[in-house]
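Before reading on, please take a moment with the sequence and the model shown here. The paragraphs below are meant for someone meeting this structure for the first time.

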Amino acid sequence: MPTPDFVLRLRRSIGHDLLWLNGVTAFVTDGQGRVLLGRRSDTGQWALVYGINEPGEDPADTVVREVKEETGVDVIVSDLAAVTSSRQVVTYANGDRTMYMDHLFICRPDPNGNADPYVGDEESLSVGWFDSNQLPAPLAQTTVERMARARTYLKRLHGGDAHALFKVGGRQLPASSDQS
């Protein structure tokens, strides 16, 4: 889906001024360990599926909606892996400036839904499942970072620690020597 209507309405009032938005990212893996990625039409880069929360929409519902809209794949959300805020201002081609708080979710295909990806909207040029050792290029830097967070979370989860990753005072918590 293109820019949400609520953002367009805000932009009419604030112009290109900095706008803080909540977003979600889906780290979707299938039973073979493949990762779901889409090649974005705005950058040409391959990326995890991500999007913006609509007002009043729960972040987990947003991630399910975004994956379906962009890839056609129905997913089940299993975990909140990380909550992070970007320190970088994103400036779009039209001059709009935005910063994001991201909720990174671990997802898997819904066994009662569609698992065959297809381009679902104009945000993607191509979508597909990829072996984690053979990811397509160019891969967005934000996706590299988010995939590392997801893998760290999953490693900790399998070790018995289900705490989502976050920062306090610039320090990664929960503290761990295996952080990347």
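What follows is a walk along one strand, its partners and a residue just outside it.

The model is a predicted one, and a convenient place to begin is strand E2, which covers residues 35–40 and is mostly covered, with 5 of its 6 residues buried. Strand E2 pairs in the antiparallel sense with strand E8, residues 124–130, over 6 bridges, and within this pairing leucine 37 stands opposite glycine 128 of E8.

Strand E2 also has a second partner to consider, since E2 and strand E3, made of residues 46–47, pair in the antiparallel sense over 2 bridges. Here glycine 38 has alanine 47 in E3 as its bridge partner, and in the hairpin that E2 and E3 form, with 5 residues between the strands, glycine 44 takes a positive phi near 80°.

Now turn to arginine 34, which lies in the loop between strand E1, residues 19–28, and E2. Is arginine 34 buried or partly exposed? Because its relative accessible area is 27%, which falls between the 20% limit for buried and the 50% limit for exposed, arginine 34 counts as partly exposed.

Leaving aside residues up to four places away in sequence, arginine 34 touches Val28, Thr29, Trp129, Phe130 and Asp131. Arginine 34 and glycine 128 are 94 residues apart in sequence, yet 9.3 Å apart in space from C-alpha to C-alpha. The side chain of arginine 34 also makes a polar contact, at 2.6 Å, with the side chain of aspartate 30.

Conventions
Residues numbered from 1 in each chain as written. Predicted model: local features only at pLDDT ≥ 70, side-chain atom pairs only at ≥ 80, totals over all residues. Heavy atoms only, no water. Buried < 20%, exposed > 50% of the residue type's maximum accessible area, 1.4 Å probe, protein only. Helix = DSSP H or I, 4+ residues; strand = E, 2+ residues; numbered from the N terminus. Pairing = 2+ DSSP bridges. Contact = heavy atoms within 4.5 Å. Polar contact = N/O pair within 3.5 Å; in protein donor to acceptor, adjacent residues only side chain to side chain.
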